[in-house]
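Me: Could you go through this structure with me and say what each label rests on? I would like the reasoning as well as the values.

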Amino acid sequence: MSDGELTAADVPALTAGAMLYSPSLAPSSLAATVAWLTDLLERGGPLRLVAPRALPPDVGCAAVCVIGSGAALADLPPTGDEFVAAVRELERLSGREVGAVLPLSAATVSALVPAAVARQLGVPLIDADGMGRTFALIHHTSMHLAGLPVTPLVVAGATGESISLRVPDAWRADALLRAGIDALGGWGALAAYPSTAGELATASLPGTVSRLVEAGRVLLGTRDPDAVVARLAAVNGCRRVGRGRIVALEHLSRPTDATIPTHPSSVVVEQVGPDARQLRLELRSEVVAVFSDGSLTAAAPDLITLLDVERGVIAPLDSLWPGDLVDVLVIPAHPVWYSAEALTMVGPASHGITLDHPRRR
Amino acid sequence: MSRATAPLALAELVRVDPLARGEVAVLPDPAQRVLGVELAETFDRLARTPAHSLVVLHAGAATGGWSLAAALHVAWERGAAGVVVPRAAMSGASALLARRLGTALVVVDDDAVDVALELAARTAAPESARALRVARCAEELAEQSTVRGVLGVLNAELAPGVVALVTGSSVLAGRAAAVQQREGYREVRMAVNGPGGRAWASLVASLPEATSAVAAEVEARSAESVLRLARLPLLAAWAQRRLDTSAQAEAERAAFAVLRAAARSRADGADTAPGERDAAAGPAGGAAGDEAPSWSAELGWRVEGVNRAVRLERTAAREGDDEPAAELTQLLRVQWARLRPGWPLVPHEGGWVSWQNAAEEPAPAVVRRAFAGLEPLLADHGLVMGVGAGHRGTAGLVRSVEEACLATRAGSDPVTWFEDVGVRAVLAQVSAPAVADVAALALPRLAAARDRLVLAETVAAVLDHGGSLVAASAELGVHRNTVLARTARARELGLALDDPAQRLPLHVACHGLVRAWRATGSG
């Protein structure tokens with residue numbers, strides 16, 4: 001990546017960064033998408049990566065991402081035209097041509113797909129997104145907080161079918177889509193938030209795509225866990241809560257929350273060293289909270305992730321095993337997520353943890 | 001604060017329902033006072049918990065995982081006495097955290113609201129809770145049938161205090177730490193009288209010092225109540241144990257007699273000539289020709305294969321003596337079981353019989369090693385031991401027992417092996433008391449001499465070695481001249497060592513006299 005360009009050579013770093021921001025996914029499930037994007041960039045040349053402010057304010061934009069299950073995407077690979085079809089349908093519904101796309105959430109597979117779509121459409125990729133990480137529902141975005149409507153939206157499936165949706169209340173969109181996505185095969189290509197570059201200049205979170213590449217370079221550059229933490233701190237404010245061994249994995253220990261499709265479970269880490277404390281990580285589809293000797297130390301929207309100390313790599317949540325030595329890392333989210341309104345939406349209470357966020361105490 | 005309203009300690013509260021129905025996961029400070037009960041369903045409520053209250057988690061505060069960890073943290077911050085949690089919300093990691101924070105944690109299966117209500121009633125009326133505790137303890141004690149069981153209940157009930165049953169300075173059962181003076185602990189003692197009101201033993205409890213005078217009095221009083229309740233079950237269990245042990249020993253004695261009689265009658269039925277009896281059993285490897293009765297296995301005995309018997313006898317025992325005291329048999333059986341597990345110990349004709357059983361005869365060195373290390377036991381109880389040879393089957397066992405008996409009588413060492421005794425075993429048939437009686441008539445001057453035992457030993461040794469003074473002096477460990485002087489004195493007293501006609505009876509008489517005088521200590 002140089003001077004606002006994304007090249008095929010940047011894809012490994014982009015992928016590594018995308019994994020850091022969504023550690024629940026196994027790297028192997030991204031393989032097909034990585035190969036697709038690399039091929040597109042090799043054949044089509046570098047992609048323009050621009051800040052929203054660098055575009056004329058009236059350029060039409062859309063947020064794209066994969067909605068549904070990343071594992072389903074690996075099982076039922078895209079035919080390649082789903083995202084373009086979704087954007088074209090959105091253009092038809094909104095009556096505005098799309099001149100640039102941005103990731104709905106710059107993390108996991110949804111950090112890679114927008115680059116591929118931009119390449120396919122021949123438009124720039126906006127260096128910004130709506131989440132700065134991943135949240136569970138599609139209206140959990142800074143655009144929604146800023147008042148941009150999530151719909152009309154289009155979801156296109158690998159089957160050639162598509163769903164379009166218009167809702168007056170953003171929070172209904174996810175609920176209405178979910179059954180349809182199951183019927184499409186478990187995942188769909190989403191194009192949503194039809195908007196202008198001018199609107200996105202204030203409503204999106206800037207710099208999040210290039211930040212992924214920088215973080216990815218750190219992760220690929222060294223396997224020394226202390227160096228990884230120190231360098232990530234410079235990129236995204238990452239800090240280490242503690243280092244310890246996993247002593248327990250508690251699965252399905254509690255009743256599930258009906259609104260967020262996931263199973264609550266816990267990972268318990270006994271810190272090593274003289275100031276040994278017990279760290280309890282609460283898991284939903286991601287790590288949503290860290291308790292240190294029972295005291296809430298970090299919680300969503302903080303991004304909480306584990307670094308495998310012995311291998312110097314980010315540990316996917318489904319690979320954890322008692323006895324593993326891990327660093328518990330906390331990366332602060334964009335400040336917009338710590339407002340009272342945003343915390344209600346994505347804070348600890350949204351995961352059933354009825355405690356004040358550590359940043360609000 | 002009056003005695004009746006002294007608040008309950010956690011240790012007391014967990015002994016009564018509803019917590020007694022639950023499970024104590026962590027109890028770092030059993031002496032912690034409980035001043036109230038809080039039913040907490042939210043973290044806001046938890047954050048207002050008064051110090052020294054017992055927090056019962058419920059609803060949103062008891063969803064498990066993070067909620068219990070967070071509740072433990074708040075309880076620790078607020079100085080709560082402990083946390084009560086429904087089982088569904090409990091996990092091993094939470095117990096670890098409770099231990100780290102030093103916060104008591106009790107798991108309950110009942111509905112949290114019911115538990116909180118019951119707990120509130122208990123803490124509001126401490127004396128009634130204490131009465132309930134004593135009643136519950138009485139039930140548990142009544143269920144115990146062993147001394148160990150009774151002490152186990154006491155130790156659980158008075159934890160972190162420890163309890164032991166002592167007589168004199170010996171600990172009969174329980175935890176030895178109870179009789180040690182420990183910093184921060186005080187002693188509560190309760191005499192236990194045996195049948196007829198005689199003092200038999202004492203129950204000693206070592207309890208942590210109380211925080212206040214009132215608490216000290218309350219605790220001493222409830223400890224005394226509990227110890228008092230334990231006295232009767234203890235006596236009953238002790239009596240039962242004595243009864244059981246005696247009955248078992250008697251059963252084994254009778255069983256061995258039956259086994260012996262059966263083996264003998266089989267041998268007699270085979271119409272063997274005197275002196276050949278039991279030869280059919282043969283030495284190790286010979287045809288056994290008999291089978292062990294099935295009931296011998298029920299007693300835990302093994303008689304198939306090669307048996308090598310041991311005879312234990314009191315040094316001072318005389319032929320025709322009564323059986324040794326039942327207490328001695330009990331004591332020996334316990335110690336023997338510890339030293340030689342798997343070997344029975346059966347009271348038999350004034351002594352005891354035991355045997356080693358092996359599928360095949362082990363190598364001689366292995367055999368000797370198996371019998372080593374018993375000397376301290378023999379010395380402690382004034383016993384001698386004879387070891388028979390190894391023979392196969394039931395008949396072989398009976399034969400080995402007879403050999404062991406002969407070795408005991410023929411030998412003069414604490415342990416005598418039949419294989420070492422050889423033909424001297426014949427001397428075992430000499431009735432020592434009868435010889436002593438005859439000697440008084442035939443050798444009156446020797447019998448009247450002050451040094452008669454030394455003289456008889458010396459003459460026996462000289463005759464054992466065919467008249468060799470050198471060999472006799474080596475065996476006796478004295479100078480040759482001493483032997484010479486003693487034989488000269490023996491001759492003066494009428495012992496005709498040089499008369500071929502008298503040598504054999506004199507030799508036998510001396511062995512008999514030595515044994516009789518040693519046994520009676522009248523040398």
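Reply: Gladly. Helices here are DSSP runs of at least four residues and strands are runs of at least two, numbered from the N terminus. Please keep in mind that this is a predicted model.

Me: Thanks! Which helix gives the most to the lining of the largest cavity, and what makes a residue part of the lining?

Reply: A lining residue has an atom within 4 Å of a cavity point. H8(B) gives the most to the lining of the largest cavity, with 3 residues. The elements that give two or more residues to this lining are helix H1 (10-13), strand S9 (199-208) and helix H8 (213-269) of chain B.

Me: How many residues line the largest cavity, and which lie nearest its centre?

Reply: The lining has 21 residues, and Ala11(B), Leu158(B), Ala159(B), Pro208(B) and Glu219(B) lie nearest the centre of the largest cavity. By class, the lining divides into 11 nonpolar, 3 polar and 7 charged residues. The volume of this largest cavity is about 260 Å³, and the structure holds 4 cavities of 30 Å³ or more.

Me: Let's turn to the two chains. What makes Asp293(A) and Arg100(B) a salt bridge?

Reply: The test is a side-chain nitrogen of Lys or Arg within 4 Å of a carboxyl oxygen of Asp or Glu. The side chains of Asp293(A) and Arg100(B) meet at 3.2 Å, N to O, so the pair passes that 4 Å test. Between chain B and chain A the count is 2 salt bridges.

Me: Which elements of chain B give two or more residues to the side that touches chain A?

Reply: They are helix H3 (66-78) and helix H4 (92-101) of chain B. H4(B) supplies the largest share of that side, 6 residues. The residues on the side of chain B that touches chain A divide into 9 nonpolar, 6 polar and 1 charged.

Me: How many residues of each chain are in contact, and how much area do the chains bury?

Reply: In all, 16 residues of chain B are in contact with 23 residues of chain A. The two chains bury about 1,400 Å² between them, with 59% of it on carbon and sulfur atoms. Trp66(B), Ala93(B) and Arg100(B) supply 44% of the area that chain B buries against chain A, more than any other three residues. There are also 8 residue pairs in polar contact between chain B and chain A, both residues being at pLDDT 80 or more.

Me: Back to Asp293(A): what is worth a look in its backbone?

Reply: Asp293(A) has a positive phi of about 50° although it is not a glycine. Most residues other than glycine have a negative phi. Asp293(A) lies in the loop between strand S14 (287-292) and strand S15 (295-308) of chain A.

Me: Where are the cis peptide bonds you can point to?

Reply: One joins Thr151(A) and Pro152(A), with omega about 5°. Pro152(A) lies in the loop between helix H6 (142-145) and strand S7 (153-156) of chain A. Another runs from Asp17(B) to Pro18(B), with omega near 10°, and Pro18(B) lies in the loop between H1 and strand S1 (23-26) of chain B. Most peptide bonds are trans.

Me: Last one: why is Glu91(A) with Arg88(A) called a salt bridge?

Reply: The closest N and O atoms of Glu91(A) and Arg88(A) are 3.1 Å apart, so the pair is within the 4 Å cut-off. Both residues lie in helix H4 (residues 82-94) of chain A, 3 residues apart, about one turn of the helix. A search of the whole structure finds 40 salt bridges over all chains.

Key:
Residues are numbered from 1 along each chain as its sequence is written. Chains are lettered from A and ligands numbered from 1 in the order in which they are written. This is a predicted model: local features need pLDDT of at least 70, side-chain atom pairs count only at pLDDT 80 or more; totals for chains, interfaces and linings use all residues. Side-chain values use heavy atoms; hydrogens and water are left out. Contact means heavy atoms within 4.5 Å. Buried area is the accessible area (1.4 Å probe) that two parts lose on being put together, summed over both. A polar contact is a pair of N or O atoms within 3.5 Å; within protein, one must be able to donate a hydrogen and the other to accept it, and residues adjacent in sequence count only if both atoms are side-chain atoms. Ala, Val, Leu, Ile, Met, Phe, Trp, Tyr, Cys and Pro count as nonpolar, Asp, Glu, Lys and Arg as charged, and the others, Gly among them, as polar. On a 1 Å grid over the protein atoms alone, a cavity is a set of points where a 1.4 Å probe fits but cannot get out, and a pocket is an open set with protein on both sides within 12 Å along at least five of seven lines; lining residues have an atom within 4 Å of a point. Grid points are joined across faces, edges and corners, and a volume is the space filled by probe spheres set on the points.
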